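Please work through the following exercises with the structure open beside you, and try each task before reading its solution.

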Amino acid sequence: MAASDRRPRYGLLLISVLACLFAAAPIVWGVLTALKPAAEVVSYPPNLMPSRFTLESFRQVWSDSNFPTYFRNSLLVTGIATLTSLVVAVHAAYGLARFDFTGKTSLMLGLLATSMIPGIAILVPLYNLSIHTGLYNTFTGLVIVYTAWNIPLLVWLLKGFFESVPVELEEAAMIDGCSRMRAFYTIVLPMARPGMLAGAIMAMMFVWNDFLIGFTLAVTEDKRLIPYGLYSFISNIGVDWGQLMAATVISLVPVVIAFLLLQKWLVQGLMAGAVKG
Amino acid sequence: MTALSLDRVRKSFRSLEVMHGVSFDIEDGAFVALVGPSGCGKSTLLRMIAGLETVTSGEIRIGERVVNDLPPKDRDISMVFQNYALYPHKTVAENMGFALKMRGVAATEIEAHVARAADILGLTPLLGRFPRELSGGQRQRVAMGRAIVRDPQVFLFDEPLSNLDAKLRVQMRGEIKALQRRLCTTTVYVTHDQIEAMTMADKIVVMRDGRVEQVGRPLDLYDRPDNLFVAGFIGSPAMNFVAGRIGADDAGSHVTTDDGVRLPLSRTPAPFVGHRVVWGVRPEHFALAAADPVAIPVTVTGVEPTGSETLVAVRVGAASMTVLLRDRTGLNVGDASRITVSPRLIHLFDEATGDRLDIPPLS
């Protein structure tokens, strides 16, 4: 009986390993390429393993290009945009989860509809709007657009979380001496932490990875973001694969760290939100 | 002194009125149960007292203060919820001390208050645990601990025992009552279980459809229900009802059912003769009287012995009734027998209004 219980698990394990290999292969290839000496990167036939490991490409990326500026800009814009989206979405989602008011359904559907519009469709209006408002080529402009972009999805995600917190807990807190807002901050928010972290990671990933908006609205070197930085290693005279891969690996570091720190919450967060329905 | 007073309290959700002018007073230190079937408005009323629902019109006073527009935190009440509503991310001690913390009480003082409440409720070994690590009964106790730690003017309980199994419910019933006696804090206790209300309360408020049907001491409601609803709601098994007409002849007064069965009645003044009534008798007030020729003839349709007593279902004409006998009987389904009842234990209600008919008996 034990054996028959285990057999399907080996199958699952095999599928998981294959899936991991499939997902990890480009990253492994990228890391190994970044660690190769420059001559080996373009050698033919290609070798997966470098003949010797070197950090030369990383050094060049960090000292001979503007990549550190892009990296700092991306950290700043992603950090602030994630935080502002979360602050706005948390309050909006709580309001939508707890109160009934005229037009609530339309508002929720409207939010959903806006997140269905592809980014490229509103790129030109965004460009014009940012010029007219003086927000073109500013971090403020980028933060506002990214925040607005993130809010609908976060509101939908967090609303489910707040609905799953029993209303009696807030009522008990209000009887215990809290105002409604204090009950929200003291009791509800700590309970919705998995959802908030899951939402924060989703928002962060979107901003960190976005090329289109950043490329259009930030145009001077001191305002460019990482995706543009990676793109800049592809030029008319060729692609510097070693440096491109090194920059890619550097750009992965914050995301990987965030995932490692928050993966437990993320899985729990996405599951709980899904189950609530 | 009156601790809590409701004066013509109304509540509407948009155009729908759900509370139709509820008024009653609760004396200081009393244990009052709000009972009624699901949807009668008892929980809404409790939430209005707590400040969790607004009052459309009327007045709620706690002590001398009108609290209609005060937020829950300023009403000096504490509430135990049906699902306990313990903060899952806080320990038992933190749950119990939260209200004091919100009031800015010093940490050492909070600790002392929590320790005292924990000692009363036997929670001392559990103070460091989280709610998820507790059994249902322990959670219930923590919820009570959270309520008593603040020493409020009024305790509010919203069906606090309905999530517990039957045995624990009986045990907690006793504990809550003992705790209330010890603390002498005015308590409003909502339940749909009339046994809970009867055994725990000093006073019961019976509600139906957002109205108070009767307010009184438990045994007064049992002995003299104001109307058919209260008569049927209080007491288990429920009171038997048969509709009929008051009649009088040489043999005395009686109620004749629509299918001609004569039911006993005290001698009744002439003006009541011919009146349509509902004749009511509690199951435990019947006695078997197989040899009495003037007793009510019945056919046994069911026998349920429980050991200490026997529930006998009988048919009287077309009506069904329940008879509760303390003694064991040799009755079987299909047997014909007779039952009797003392006329002073008979309740009469006006058939049209459902109100109690107090007919002065002729001597």
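**Exercise 1.** Which residue in strand 18 of chain B stands opposite Val312(B)?

Solution. Keep in mind throughout that this is a predicted model. Begin with the pair of strands: strand 17 (residues 310-316) of chain B runs antiparallel to strand 18 of chain B, and seven bridges join them. Then look across from Val312(B), where the residue standing opposite in strand 18 is Val323(B).

**Exercise 2.** Place these strands in their sheet and explain which strands of chain B stand at the edges.

Solution. First read the order, which is 15-19-16-17-18 in chain B, an open sheet of five strands with antiparallel pairing. Next consider the two ends: strand 15 (286-288) and strand 18 (319-325) each have a single partner strand, so one side of each is left without a neighbour in the sheet. Finally, neighbouring strands of this sheet are turned by 45° against each other on average, if direction is ignored.

**Exercise 3.** Check the length of helix 10 (residues 193-209) of chain A against the expected span.

Solution. The helix has 17 residues, and at 1.5 Å a residue, counting one less than that number, the span should be 24 Å. The end C-alpha atoms are 24 Å apart, which agrees with the expectation. Among the buried residues of this helix are Pro194(A), Ile201(A) and Trp208(A).

**Exercise 4.** Describe the largest pocket and its lining.

Solution. Start with the volume of the largest pocket, which is about 650 Å³. Of the 21 lining residues, the closest to the centre are Phe99(A), Arg180(A), Leu52(B), Glu53(B) and Thr54(B). Then sort the lining by character, which gives seven nonpolar, four polar and ten charged residues.

Technical notes: Residues numbered from 1 in each chain as written. Chains lettered and ligands numbered in written order. Predicted model: local features only at pLDDT ≥ 70, side-chain atom pairs only at ≥ 80, totals over all residues. Heavy atoms only, no water. Helix = DSSP H or I, 4+ residues; strand = E, 2+ residues; numbered from the N terminus. Buried < 20%, exposed > 50% of the residue type's maximum accessible area, 1.4 Å probe, protein only. 1 Å grid on protein atoms, 1.4 Å probe; cavity = no way out; pocket = protein on both sides within 12 Å on 5 of 7 lines; lining within 4 Å. Points joined across faces, edges and corners; volume = space filled by probe spheres on them. Nonpolar A, V, L, I, M, F, W, Y, C, P; charged D, E, K, R; others polar. Pairing = 2+ DSSP bridges. Axes fitted to C-alpha atoms, helices over the stretch in contact; angles between N-to-C directions.
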